[in-house]
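Please look at the sequence and the model together before reading on. The report below takes up the charged pairs, then the strands, the cysteines and the surface.

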Amino acid sequence: MEKVKNAAGKTICCIDRRRRQIEIVFKGCRSRIWFDESGQFHQRHEHRSPSED
């Protein structure tokens, strides 16, 4: 995964080029978004424990 940072140097999301996914972690929730080969949008959300961060 590659980290994408804002102008302040804080990570705002991560991208996985192999899976073509964007991952955003915010307030204990991990959100993954992607488009499949036919152009359909997908999303998956899961709660994370503090030890996983």
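How many salt bridges does the count come to? In this predicted model, the count comes to five salt bridges. As background, side chains of opposite charge can pair when their charged atoms come close. Three of these pairs are set out in the table, each with the distance between its nitrogen and oxygen atoms.

| Salt bridge | N to O distance |
|---|---|
| Glu 37 and Arg 20 | 3.3 Å |
| Glu 23 and Arg 30 | 3.5 Å |
| Glu 23 and Arg 32 | 3.2 Å |

The pair of Glu 37 and Arg 20 links distant parts of the chain, since Glu 37 lies in the loop between β4 and β5 whereas Arg 20 lies in the loop between β2 and β3, and 17 residues separate the two along the chain. Are the two partners buried or exposed? Glu 37 counts as exposed, because its relative accessibility is 73%, while Arg 20 counts as partly exposed because its relative accessibility is 47%.

The other two pairs in the table have Glu 23 in common, and their setting is a buried one. Glu 23 and Arg 30 are both buried, and Arg 32 is buried as well. These residues also belong to a network of salt bridges, in which Glu 23, Arg 30, Arg 32 and Glu 46 are linked.

**The strands**

The chain has five strands and zero helices, and from the N terminus on its elements therefore run β-β-β-β-β, with strands counted as DSSP runs. Strand β2, made of residues 11-16, pairs with strand β3, made of residues 21-26, in the antiparallel sense over three bridges. Within this pairing, Ile 15 has Ile 22 in β3 as its bridge partner. Four residues stand between the two strands of this hairpin, and Arg 20, already met as a partner in a salt bridge, takes a positive phi near 55° there.

Strand β3 also pairs with strand β4, which covers residues 29-35, and this pairing, again in the antiparallel sense, runs over six bridges. Here the bridge partner of Val 25 is Arg 30 in β4, and Arg 30 is the residue that forms a salt bridge with Glu 23. The hairpin of β3 and β4 has two residues between its strands, and Lys 27 in the turn has a positive phi of about 50°.

**The cysteines**

How many disulfides does the count come to? The count comes to zero disulfides. Cys 13 is in no disulfide, and the nearest cysteine sulfur, which belongs to Cys 14, is 6.7 Å away. A disulfide is a covalent bond between the sulfur atoms of two cysteines, and the cut-off used for such a pair is 2.5 Å. Cys 13 counts as buried, because its relative accessible area is 14%.

Why does the sulfur of Cys 29 form no bond with that of Cys 14? The closest cysteine sulfur to that of Cys 29 is the one in Cys 14, and because they are 15 Å apart, the distance is too far for a bond. Cys 29, which is found in strand β4, counts as partly exposed because its relative accessible area is 22%. Leaving aside residues up to four places away in sequence, Cys 29 touches Ile 24, His 45, Glu 46 and His 47, and one of these, Glu 46, belongs to the network of salt bridges described above. The C-alpha atoms of Cys 29 and Lys 5, which are 24 residues apart along the chain, are separated by 19 Å.

**The surface and the whole chain**

Which residues form a nonpolar patch on the surface? The patch is formed by Ile 22, Ile 24 and Phe 26, which together have about 280 Å² of accessible area. Phe 26 lies in strand β3 and counts as exposed because its relative accessible area is 59%.

For the chain as a whole, the accessible surface comes to about 4,500 Å², and 52% of this belongs to carbon and sulfur atoms. Of the 53 residues in the chain, 19% are buried. The C-alpha atoms fill a box of roughly 35 × 25 × 15 Å, taken along the principal axes. Among the contacts with a separation of 6 or more, 1% are made by residues 24 or more positions apart.

Notes: Residues are numbered from 1 along each chain as its sequence is written. This is a predicted model: local features need pLDDT of at least 70, side-chain atom pairs count only at pLDDT 80 or more; totals for chains, interfaces and linings use all residues. Side-chain values use heavy atoms; hydrogens and water are left out. Two strands pair if DSSP finds at least two bridges between them. Buried means under 20% relative accessible area, exposed over 50%, partly exposed in between (1.4 Å probe, protein chains only). Contact means heavy atoms within 4.5 Å. Patches are made of residues with over 30% relative accessible area and no salt bridge: like charges are joined within 9 Å, nonpolar side chains (Val, Leu, Ile, Met, Phe, Trp, Tyr) within 5 Å. Accessible areas come from the Shrake-Rupley method with a 1.4 Å probe; for residues, only the protein chains shown count as cover. A salt bridge is a side-chain nitrogen of Lys or Arg within 4 Å of a carboxyl oxygen of Asp or Glu.
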